[in-house]
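User: I've got a model open on my screen and I'd like to walk through a few of its contacts. Can you help me read it?

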Amino acid sequence: MKTSKSGQILVFLFILLSLMGTSSADVIDPGEKNVPYSYKISNIQDFPDYVFILHGIPNPSIELLNSSEFSFYKLSTCSIYAVPRNLYNQMQIDQMNESQVSEFLNNDSRVARSSLKLDGTYGNVNQANPLDNALIILNIKSINGNNLNIHKEKIIYGYKNGQNVEKPYLSQNQTPEPTFPGTSWDYYIYYMLLPLIALGVIIFIIIRRKSS
């Protein structure tokens, strides 16, 4: 069946709008910065009979996980899967295309899946905010059948001055808020003194221009 010219135009516009939406979401407003998330599974070595795979939309298709930290594209949403090691070797997953990977990971009864959705970024904050990064520590509680039970154990906020602050997860549905690790004087420098100095400089420039 042939597609009409108007139909082709509509399809083109839909694709264009989708691309524009992704591009605009990637843009950081002036005066802001992005704070990325990274993750680490604290006890992955306790499950040597499984291969742990990170799979996300729009990416990655497949990333094998180990005890090292991992991160991904900030607009992706990812899940973790546990594949029995002998099954992984048998299936040759690295040779599958994207649709085959998704079908296998989400529908094969031998694959254990976590319901935990991982985000690629904490979000955008003001440039003056000393928060630099955030590491979420995950813990595998159990693997039963096709259920992979993973919990967020704690989050470690990293700051520009090199300090870290750990916060435990009291609820899996709520990320603990970051707190600045320095003294009250550090807080005033970042959030009070520097903005006031910047405002004073702007006012001074405006007055000079008007008087000249």
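User: Which residue of β8 does Y37 stand opposite?

Analyst: Keep in mind that this is a predicted model. Strand β1 (residues 32-41) pairs with strand β8 (residues 131-144) in the parallel sense, over five bridges. Follow Y37 across to β8 and the residue opposite is A134.

User: And how many bridges join β8 and β9?

Analyst: Those two strands run antiparallel to each other where they pair. One spot to look at is N133, which sits opposite G158 in β9. The bridge count for β8 and β9 is twelve.

User: Which residue in the hairpin of β8 and β9 takes a positive phi?

Analyst: Look at the turn itself, where two residues lie between the strands. The phi there is near 60 degrees, and the residue that takes it is G145.

User: Over to α3. Why do its buried residues line one face of the helix?

Analyst: The buried ones in α3 (residues 98-107) are V101, F104 and L105. An α-helix has 3.6 residues a turn, so residues three or four places apart point the same way. Looking down the axis of α3, the buried residues line one face because they fall within an arc of 90 degrees.

User: Which exposed residues sit on the face turned away from that buried side?

Analyst: The buried residues of α3 pack against β2 (50-57), β4 (77-84), α2 (85-91) and β5 (112-113). Flip to the face of α3 turned away from the buried side and you'll find the exposed pair, S99 and N107.

User: How many salt bridges are there?

Analyst: The cut-off is a side-chain nitrogen of Lys or Arg within 4 Å of a carboxyl oxygen of Asp or Glu. R110 and D108 make it at 2.8 Å, N to O. E166 and K154 make it too, with their closest N and O atoms 3.2 Å apart. The count is two.

User: Is D108 buried or exposed?

Analyst: Its partner R110 is partly exposed, at 41% relative accessibility. D108 has a relative accessible area of 14%. Buried means under 20%, so D108 counts as buried.

User: Where in the chain are E166 and K154?

Analyst: Both count as partly exposed, E166 at 48% relative accessibility and K154 at 24%. Their salt bridge links distant parts of the chain, twelve residues apart. E166 is in strand β10 (residues 164-168), and K154 is in strand β9 (residues 147-159).

Note on methods. Residues numbered from 1 in each chain as written. Predicted model: local features only at pLDDT ≥ 70, side-chain atom pairs only at ≥ 80, totals over all residues. Heavy atoms only, no water. Buried < 20%, exposed > 50% of the residue type's maximum accessible area, 1.4 Å probe, protein only. Helix = DSSP H or I, 4+ residues; strand = E, 2+ residues; numbered from the N terminus. Arc of directions from axis to C-beta. Contact = heavy atoms within 4.5 Å. Pairing = 2+ DSSP bridges.
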